[in-house]
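Here is a short briefing on one protein chain. Look at the sequence and the structure first, then work through the points by topic.

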Amino acid sequence: MAELQLSMPDAIIETDFSVIESINCDPVRIGQLVSNLLGNAFSHGDLSQPVRFNAWTDNDGWDSVSNAGAAIPAEVQDRLFHPGAKFGTKGKVWALHIASEIGKAHGGTLTVQSTDAETRFTFLMPTSPMSNDG
């Protein structure tokens, strides 16, 4: 988050952390997932409003990134995580595909909910280690 804040000093990032247990994950890859989601929020959101990053642990939890801005149309939401998906005039959104693949590699899911009030990407993954049973 510090790198993104340096590159966009006028952007506001609000954070809320409720991480009370350790999580078995690749911290570099999860950091990339979060960075991709935050970068996407800065690129496509309304920067006059804060970008919110929340991280928590519970039975399934991890993080969400939300921002204000125009809603993502439902037909676009259906393909947002596909390779090379395009949204609006800002070009292809590879970062979302990469974030989704990182999430899958950790046994998790990345989803989007979008209205005219807020767009929220939520990443959920098991907090306990994945089994090797497949």
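Among contacts in the protein chain between residues at least 6 apart in sequence, 61% join residues at least 24 apart. Keep in mind that this is a predicted model. The chain has four helices and five strands. Starting at the N terminus, their order is α-β-α-β-β-α-α-β-β.

**The chain as a whole**

- The protein chain has 134 residues, and 42% of them count as buried.
- About 7,600 Å² of the protein chain is exposed. Carbon and sulfur atoms supply 52% of that area.

**The largest nonpolar core**

- The largest nonpolar core holds 30 residues. Which of them touch the most other members? They are Leu37, Leu80 and Phe121.
- Five elements are listed as giving two or more residues to this core: α2 (27–44), β2 (51–56), α4 (94–105), β4 (109–114) and β5 (119–124).
- Helix α2 gives the largest share of the core, with seven residues.
- Leu37 has contacts beyond its neighbours within four places in sequence. Its partners there are Asp63, Val65, Leu96, Ala99, Leu110 and Phe121. Phe121 is thus a partner of Leu37, and both are among the residues that touch the most other core members.

**Ala55 in strand β2**

- Ala55 lies in strand β2. Is Ala55 buried or exposed? Its relative accessibility is 9%, so Ala55 counts as buried. The cut-off for buried is under 20%.
- Leave out residues up to four places away in sequence, and Ala55 touches Asp16, Phe17, Ser18, Val19, Trp62 and Asp63.
- Thr15 and Ala55 are 40 residues apart in sequence. In space, their C-alpha atoms are 8.1 Å apart.

**Phe17 and a surface patch**

- Phe17 is in strand β1, which covers residues 13–18.
- Phe17 counts as partly exposed because its relative accessibility is 48%.
- Together with Met1 and Val19, Phe17 forms a nonpolar patch on the surface. The accessible area of these residues together is about 280 Å².
- Phe17 and Val19 also appear among the residues that Ala55 touches.

**Salt bridges**

- How many salt bridges are there? The count comes to three.
- Glu14 pairs with Arg52, and their closest N and O atoms are 3.2 Å apart. This pair links distant parts of the chain, with Glu14 in strand β1 and Arg52 in strand β2, 38 residues apart.
- Both partners are partly exposed: Glu14 has 36% relative accessibility, and Arg52 has a relative accessible area of 34%.
- Glu101 pairs with Lys104, with the closest N and O atoms 3.3 Å apart. These residues are three apart in helix α4, so about one helical turn separates them.
- Glu101 counts as partly exposed at 36% relative accessibility. Lys104 counts as exposed at 52%.
- Glu118 pairs with Arg120, and here the closest N and O atoms are 3.1 Å apart. Glu118 is partly exposed, with a relative accessible area of 27%.

**His106 in a loop**

- Where is His106 found? His106 sits in the loop between α4 and β4.
- The relative accessible area of His106 is 11%, so His106 is buried.
- A polar atom of the His106 side chain lies 3.0 Å from the backbone oxygen of Ile102.

How values were computed: Residues are numbered from 1 along each chain as its sequence is written. This is a predicted model: local features need pLDDT of at least 70, side-chain atom pairs count only at pLDDT 80 or more; totals for chains, interfaces and linings use all residues. Side-chain values use heavy atoms; hydrogens and water are left out. A nonpolar core is a set of buried Ala, Val, Leu, Ile, Met, Phe, Trp, Tyr and Cys residues joined through side-chain atoms within 4.5 Å. Buried means under 20% relative accessible area, exposed over 50%, partly exposed in between (1.4 Å probe, protein chains only). Contact means heavy atoms within 4.5 Å. Patches are made of residues with over 30% relative accessible area and no salt bridge: like charges are joined within 9 Å, nonpolar side chains (Val, Leu, Ile, Met, Phe, Trp, Tyr) within 5 Å. Accessible areas come from the Shrake-Rupley method with a 1.4 Å probe; for residues, only the protein chains shown count as cover. A salt bridge is a side-chain nitrogen of Lys or Arg within 4 Å of a carboxyl oxygen of Asp or Glu. A polar contact is a pair of N or O atoms within 3.5 Å; within protein, one must be able to donate a hydrogen and the other to accept it, and residues adjacent in sequence count only if both atoms are side-chain atoms.
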